[in-house]
Amino acid sequence: MKLLERLSSAVYTGDMDMAAELTENAIKEGISASDILENGLVSAMQEIGDKYKKGEIFVPEMLIAARAMNKALSILEPEMVKVGVESKGTFIIGAVKGDLHDIGKNLVGIMFKGAGFKVIDLGTDVSLERFVHAAKEHNPDIIGISSLLTTTMSYMKTIIDGLRSEGIPAKVIVGGAPVNKEFAISINADGYAENAAEAADLGRTLMGM
Ligand code: B1M
C-alpha cells in the first residue's frame, strides 16, 4: 500500500500514533502538504462520513477517527502554513446561548476540518454578540449553529436575524437533535443538516465544490 493510502487507513481506523508517524514520514519524503491533506486525511474523513450516513459506523468510531485526524493535522499544519495551502473556506461554529451540549457540535467542526476548511470553534453558550464579533474578526464563508434543546433552538433565529442586520454575508447553517428542515426554513437559515457528515457535504455545496 502506498504511504498516503496507509495514512488514510490509519486515520479511518483511528490509529493515532500510526497516523502521526505516517504524516511525519510523508513530510520527510517530500510529499506536498496539500497532497497529504487531500489524499491522506480528507479522504479518510470522507469515507468516515459516508459510512456514518449509511449507519455502518457510529459516533464512537467517528470520534476515534477524529482524534487521529487532529493529531495528524497538528503535525501537518506548520507545513501547510509554510507552503500556503489554501483552505477551502472559513467555518465558524458554536452552540447557542443556553446550550452546553458540545459533542455533536465538535463532530461537525471535525468534519469541516476534514473537508479542508479552517474551523473556528466558539464553544458552547454562544450569544449573538459573540457570533457577530467572531464573524467580523474572521470573515467566515459559513457559520454553523448547533442546538440540542427545544428551549434554546428559538435563539437560532435571534442569531440569524442579528447577523443579517449587521450585514454579515456568511451563509448560516443550523442543526442539532430538535432541529429539522422545516424549522431551518422558518428561521431563514441557508441550510440544515441532520448530522456532521451531511453538514460538511452542505458546506462543500454552499462553497460550490
Ligand atoms: Co442533555 N439533553 N441536558 N446533557 N443530553 C438531551 C439533549 C435530551 C434530549 C435528553 C433527554 O431528556 N432525553 C434533553 C433535551 C430535551 C429537549 O430539549 N427536547 C436534554 C436535557 C433536558 C438536558 C438538561 C436540561 C438536563 C438538566 O440539567 N435537567 C441539561 C442542559 C444543559 C445545557 O445545555 N444548558 C443537559 C445536560 C447534559 C450534559 C451536560 C449532562 C451532557 C452534555 C455533555 C456534552 O455535550 N459535553 C448531556 C447529554 C450527553 C445529552 C444526551 C444524552 C446526548 C447528547 C449527545 O451528545 N449526543 C442527549 C440525549 C440524546 O441525544 N440521546 C441529551 C451525541 C451527539 C453526537 O449527537 O448532539 O445530536 P447530537 O449531534 C448530532 C446531530 O444532532 C447533528 O450532528 C451531530 C452528529 O452527527 N448536529 C448538527 C448537531 N449540531 C449540528 C449543527 C449542524 C448540523 C448538524 O450545523 C451547524
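Guide: Quick bit of vocabulary before we look at this predicted model: buried means under 20% relative accessible area, exposed means over 50%, and partly exposed is in between.

Visitor: Is Tyr-12 buried, exposed or partly exposed?
Guide: Tyr-12 sits in helix α1, residues 3-12. Its relative accessibility is 23%. Buried needs under 20% and exposed needs over 50%, so Tyr-12 counts as partly exposed.

Visitor: Which protein residue is the donor of the ligand's cobalt atom?
Guide: Look in the loop between β1 (90-95) and α5 (103-114). There is only one protein donor, an NE2 atom at 2.2 Å from the cobalt, and it belongs to His-101.

Visitor: How many residues apart in sequence are the parts that the Glu-166 and Lys-136 pair ties together?
Guide: These two form a salt bridge, with the closest N and O atoms 2.7 Å apart. Glu-166 lies in the loop between α8 (155-165) and β4 (171-175), while Lys-136 is in helix α6 (residues 128-138), so the pair ties together parts whose separation in sequence is 30 residues.

Visitor: And Asp-201, which residues are linked with it in a network of salt bridges?
Guide: Start with its partner in helix α10 (residues 196-206), Arg-204, 3 residues apart, about one turn of the helix. Their closest N and O atoms are 2.7 Å apart. Asp-201 is partly exposed at 29%, whereas Arg-204 is buried at 16%. The network links Asp-201 with Asp-50, Lys-53 and Arg-204.

Terms used. Residues are numbered from 1 along each chain as its sequence is written. This is a predicted model: local features need pLDDT of at least 70, side-chain atom pairs count only at pLDDT 80 or more; totals for chains, interfaces and linings use all residues. Side-chain values use heavy atoms; hydrogens and water are left out. Donors are N, O and S atoms within 2.8 Å of the metal (3.2 Å for Na, K and Ca); water is not among the atoms, so sites may look incomplete. Helices (H or I, at least four residues) and strands (E, at least two) are DSSP runs, numbered from the N terminus. Buried means under 20% relative accessible area, exposed over 50%, partly exposed in between (1.4 Å probe, protein chains only). A salt bridge is a side-chain nitrogen of Lys or Arg within 4 Å of a carboxyl oxygen of Asp or Glu.
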